[in-house]
Amino acid sequence: MFRRLFRTVRGRYVLIISFLVKTGLKPRDKNMNILFVCTGNTCRSPIIEGLLKGMYPKFNVKSFGIYANKEKVSKNAVLALKQEGIDISDKISAPLDLNALLNADLVITVSEGHKEYLKSLGAKK
């Protein structure tokens, strides 16, 4: 499953999904708030948001960008997920929401730089 998508994005999301599976997340778990953070929220984090929403529909999964400007997600992101039967064409990039950050059960950043930025805002871990 998602084999073509992983080739499209060079396997970067395999690690995130493997991490989530290893943490014991199961579709029956409810009300978990998972947040993904990247730079513009137009490609990487919307892809993983779409994947996770498909895998764990009971979770509240959101993605944000540190420098997001409320733009449509990239056409390549939409096409990559469309091949897997997931539609993110209506996703608009969202600037980082500090309230969502504070209420998240799990925050995953796309890079170390994003993690360091969140730490500079006072985020723990």
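**Nonpolar cores, helix H3 and threonine 109**

The largest nonpolar core of this predicted model holds 18 residues, and Ile34, Phe36 and Ile88 have the most contacts inside it. Such a core is a set of buried Ala, Val, Leu, Ile, Met, Phe, Trp, Tyr and Cys residues joined through side-chain atoms within 4.5 Å; buried means under 20% relative accessible area, exposed over 50% and partly exposed in between (1.4 Å probe, protein chains only). At least two core residues each come from strand E1 (33-38), H3, helix H4 (75-82) and strand E3 (106-109); helices (H or I, at least four residues) and strands (E, at least two) are DSSP runs, numbered from the N terminus. H3 gives the largest share, four residues. Phe64, Ile66, Ala100 and Ala104 belong to a second, separate core of 10 residues.

Residues are numbered from 1 along each chain as its sequence is written. Local features need pLDDT of at least 70, side-chain atom pairs count only at pLDDT 80 or more, totals for chains, interfaces and linings use all residues, and side-chain values use heavy atoms, with hydrogens and water left out.

Turning to H3 itself, the buried residues are Ser45, Pro46, Ile47, Ile48, Glu49, Gly50, Leu51 and Leu52.

Strand E3 also contains threonine 109, which counts as partly exposed because its relative accessibility is 22%. Its C-alpha atom is separated by 4.7 Å from that of valine 37, although the two lie 72 residues apart along the chain. Leaving aside neighbours within four places in sequence, threonine 109 is in contact (heavy atoms within 4.5 Å) with Val37, His114, Lys115 and Leu118. The threonine 109 side chain also reaches the backbone oxygen of serine 111 at 3.1 Å.

How values were computed. Polar contact = N/O pair within 3.5 Å; in protein donor to acceptor, adjacent residues only side chain to side chain.
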